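Work through the exercises below with the sequence and the coordinates open side by side, and try each task before reading its solution.

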Amino acid sequence: MKKNDLIHVLCFIFSVSALSQNSIDIKADFDVENKSIAIDQTIQYYNDSDETQTFIYLNDWSNSYSTKNTPLAERFTQEFKNTFHFAKNEDRGFTAITSIQSEGIDLSFERVDQHPDILKVKLNSPFVPKGYYTLRLKYTVQVPDDKFTRYGVDDYGDYFLRYWYITPTAFDGEWHYYSNKDLDDSFVPKANLSLEVTYPKSYTLISELDEVFTKEVNNNKVITSLEGKDRVNTKLFLNKVNLYKTVETDFFTIQSNIEEEGLKPVDVAVISDRVAAFITKNLGNYPHKKILLTKIDYKKDPIYGLNLLPDFVRPFSDHFQYELKLLKTTLRNYLENTLLINPREDQWVLDGIQTYYLIKYIEENYPDMKIVGNLANVWGIRAFHAADLKFNDQYGFLYMHMARSNLDQPLNMPKDSLLKFNKNIANKYKAGVGLNYLDAYANGAEIKTIINKFLIDNKLKPTSASAFETAVKTQTKKNVDWFFKDYVGSSKKIDFKIKKIEKTEDSLRVTLKNKYNHEMPVSLFTMKDDTVVSKQWIDGFKGFKTVTVPRDSADKLVLNYDSKIPEINLRNNWKSVGGFFANNKPLQFRLFKDIEDPNYSQVFFMPEFDYNFYDGLSPGLKLYNKTLLSKNFLYRISPKYAIKSKQIVGGASVSYADRRDNVSNYYTKYGIGGSFYNYAPNLSYTSYTPYIDFRFRNPEDLRDNRKSYLNLRYVNIDREVDLTGEFETDGEPKYSVFNVRYGQSDPNLKKFSSWFTDLQLAKRFGKISGTLELRTLTENNRQYNLRLFAGAFLYNKTYQDTDFFSFALDRPTDYLFDYNYLGRSEEAGVLSQQLIVSEGGFKSQLEPAFANQWITTANASTTIWRYIMAYGDLGLVANRTENPKFVYDSGIRLNLVEDYFELYLPIYSNKGWEIAQPNYDQSIRFIVTLSPNTLLKLFTRRWY
């Protein structure tokens, strides 16, 4: 071939290769005063499929902030984040498109139904296979406030941008588009990027792209030109103060503003090079010159535990903390920038590889590091079993938190269908622990090698979880179908048990039981004096399996001794070879709740304090078996000494929870509880209640807040009678009530609904009631609340003697002792003003205060301004021998923390103008919640 012909062929190949690349060219002009960006953009999109298209779909995720009804906004409300809903319109952000053209011709476009941040553009000519299409876009982006997702513009005028410009969606014969839900999971094809950014001179521009030039336009503005090849990341930051530091490692450049824990620059450089070397060795060469790491990256994916500790608590060295933060953030960015996988559908692959290498890094460099760091050597703390756990044990432990609670979800479930705790923590850790489990089963470095090869072979190439599965299956010597079918594809728990051991002269016949319906393998260890004699893997089986192992003077057999398998229960994993009490574990008493130690029968104890007006402060001791992870069988004994009444008070309970997977009746609890306290001055009561609780939910969608329940209980009360006659006991001193309650609830930020029916049957009365609550938060931030209650007696033989069992208009007598009254028998003083919104739900104390026949009421309130609301109550109260009476009240409600801390200020009622009457302060009512478990729900509802 002649030289000129060779040049022509090479030019042709180069031109074809260039045409097969997507490219995006952007001119962006920042108007920092108006928080907007004017963008002139060209997209050259290559059709790498065999399909002809007449439309192109584009991601416009800046517009996901545009209204309170976008998928992003709905995500916020599902997780009880009210910041976005109450924000000013100008703080939310949007995209205003001026034009979309091709070859100078205006193209029609529309926003996709249910996806206001996705554009559907109608083309003026077909988008043919192996061809490209060029679009010209002009639009303005109004930048949102950064308080919603940490991306946007902050109060100081600094810009932190991601997904800020329009990009094509991924296309492989099918368009892969979905809306922004603050999951940082945009799926876009790689492209060659060219940015020309105009911004004020007072700012510094930070980007992962390569800088071509920076020049001044005038005294106030500069232009920076950036470019990058094969990019999917869209991060760009404009900061008035540049806090980023750059470290040139032997492998790639790291630019970061992650907190360096006060380390010297030389220490930062050494750590950076060490991290870069580890990543390059295991994941391959990074294809770009620079990797950008930010505080936002770390805050969105922190080392959980480290991120919760105050600065004065330092269980780990500054060196270790920074090293782990840098490693985790670099791994995340490396994988996001090189592994072109659909993160909404296949996120578990990214998460699994990241966590897997976090585990390997600790094994290689810090094998003896404890989960509590240096605190493991501190007196008091070292007595806890938590102090014995290795640093890597946290991954299985935090996944097990959800598995034990029956809230775990399959790894291959779409990212937007996961509970927040699963998305952020549990599924990430389950994926990494799973790969480590697979690695151990495949005998060491085999899986590590496969992952490394998969990452190198697929670097900057479109791939998928199914491709990863194929790579593992074809390159592993053992059958690993179980991993993808059962471990990845389901939420099946793992729990193996040694059922029995039969001894012969030279061997042991061991019968194992798999307590769940899957075929995952298990490791079996023979032990001698707590030293491992042998180990073997037992392939997956269902039900029972008997294996034979050499006796080898072993004195104990243990399943999963090295804890490589994330089992839900480790307490049944060992069995002694000899002895009648082969499974009896030593009894161990521990101060305070701890992580479960499967080698002991643990009893925890801790000081506990209680208070009511009649017993006063009651210090005592609680004995219980509840650990940091949920257990099915629980008991609690809590005797206390009441300082005021000078009596032993307290309670005890025992329960068993039956948790089930993939069924609507996911939880059934059987139990009995009892208590002994004073209900009036020097008058005690004893109660004991056997019960069964059934809970129901949608097994297909754990993010659905709708739940229902059925409670059955038999309440037995025995109250002491005042023989002196100084305090008259209302109603019978001793009674029993059979109570059935069925209800449903759907708690959400914007729309809340709840209803239940209640049936009570006793010797002298029977009653039925129903309660409905509705709460709506409107577009203009006004909240409407409506509560309806109706109740009637089926029979009532007590009405002539007492109102103790009657329906209450404003303050229930609480004869079942359900409510946390601070002073349940008080008729005057501050404690008598405590409000429990139950039964009639009135705030004013009106007559008649009780109904011994039937009652119906309506309680409503609406927003006046922020947490200040107006309330009003209406009702009909019917008593035997009297005509029904109409009652009403109204006033101001200070809704400081809904259902937890509220004040009610009556204004007008049947009494007239209450606000003008004497002793008005005694008419004010309050709601206060002191129970730690109840207050905890304020925070856990965002995660579960």
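The exercises that follow concern a predicted model, and they treat helix packing, strand pairing and enclosed space in turn.

**Exercise 1. Helix packing around α10**

Task: Determine how α4 and α10 are oriented to each other, and which residues make their contact.

Solution: Begin with the axes of helix α4 (residues 265–283) and helix α10 (residues 445–457), which come within 8 Å and cross at roughly 90°. Angles of 65 to 115 degrees count as roughly perpendicular, and α4 and α10 are therefore roughly perpendicular to each other. Next, list the contact: Lys281, Asn282 and Leu283 of α4 meet Lys448, Asn452, Leu455 and Ile456 of α10. Sorted by class, the residues of this contact of α4 with α10 are three nonpolar, two polar and two charged.

Task: Repeat the analysis for α9 and α10, asking at what angle they pack.

Solution: Helix α9 (residues 420–441) packs with α10 at an angle of about 125°, the axes being 6 Å apart. This angle falls outside the ranges for parallel, antiparallel and perpendicular, and α9 and α10 are therefore oblique to each other. On the α9 side the contact is made by Leu435, Leu438 and Asp439, and on the α10 side by Ala445, Glu446, Ile447, Lys448 and Ile451. By class, the contact of α9 with α10 has five nonpolar, no polar and three charged residues.

**Exercise 2. A three-stranded open sheet**

Task: Give the strand order of the sheet that holds β20, and say which strands stand at its edges.

Solution: The order in this open sheet of three strands is β19-β20-β21, and the pairing is mixed. β19 (245–248) and β21 (290–293) stand at the edges with a single partner strand each, so one side of each is left without a neighbour in the sheet. From one strand to the next, the twist averages 20°. Strand β20 (residues 253–256) pairs with β21 in the parallel sense over four bridges, and Gln255 stands opposite Leu292 in β21. Finally, helix α6 (residues 318–338) lies across β20 and β21, and runs at about 120° to β21.

**Exercise 3. From β34 to β36**

Task: Establish in which sense β35 runs relative to β34 and to β36, parallel or antiparallel.

Solution: Strand β34 (residues 667–680) and strand β35 (residues 683–697) run antiparallel and are joined by 13 bridges, with Phe676 standing opposite Thr686 in β35. Their hairpin has two residues between the strands, and Asn682 there takes a positive phi near 60°. On to the next pair: β35 and strand β36 (residues 707–719) also run antiparallel, joined by 11 bridges, and Asp693 has Asn711 in β36 as its bridge partner.

**Exercise 4. Cavities and a pocket**

Task: Describe the largest cavity by its volume and its lining.

Solution: The structure holds eight cavities of 30 Å³ or more, and the largest cavity has a volume of about 170 Å³. Its lining comprises 18 residues, with Tyr65, Pro144, Tyr151, Arg162 and Tyr163 nearest the centre; by class, the lining of the largest cavity has 11 nonpolar, four polar and three charged residues.

Task: Identify which element gives the most to the lining of the second largest pocket.

Solution: The second largest pocket has a volume of about 1,200 Å³, and of the 43 residues that line it, Leu389, Asp393, Asp562, Ser563 and Leu570 are the closest to its centre. The elements that give two or more residues are α7 (343–365), α8 (393–404), α9 and β27 (556–559), and α8 gives the most, with five residues. The lining of the second largest pocket divides into 22 nonpolar, nine polar and 12 charged residues.

How values were computed:
Residues are numbered from 1 along each chain as its sequence is written. This is a predicted model: local features need pLDDT of at least 70, side-chain atom pairs count only at pLDDT 80 or more; totals for chains, interfaces and linings use all residues. Side-chain values use heavy atoms; hydrogens and water are left out. On a 1 Å grid over the protein atoms alone, a cavity is a set of points where a 1.4 Å probe fits but cannot get out, and a pocket is an open set with protein on both sides within 12 Å along at least five of seven lines; lining residues have an atom within 4 Å of a point. Grid points are joined across faces, edges and corners, and a volume is the space filled by probe spheres set on the points. Ala, Val, Leu, Ile, Met, Phe, Trp, Tyr, Cys and Pro count as nonpolar, Asp, Glu, Lys and Arg as charged, and the others, Gly among them, as polar. Axes are lines fitted to C-alpha atoms, for helices over the stretch in contact, and angles run from 0 to 180 degrees between N-to-C directions. Angles under 35 degrees count as roughly parallel, over 145 as roughly antiparallel, 65 to 115 as roughly perpendicular and the rest as oblique. Contact means heavy atoms within 4.5 Å. Two strands pair if DSSP finds at least two bridges between them.
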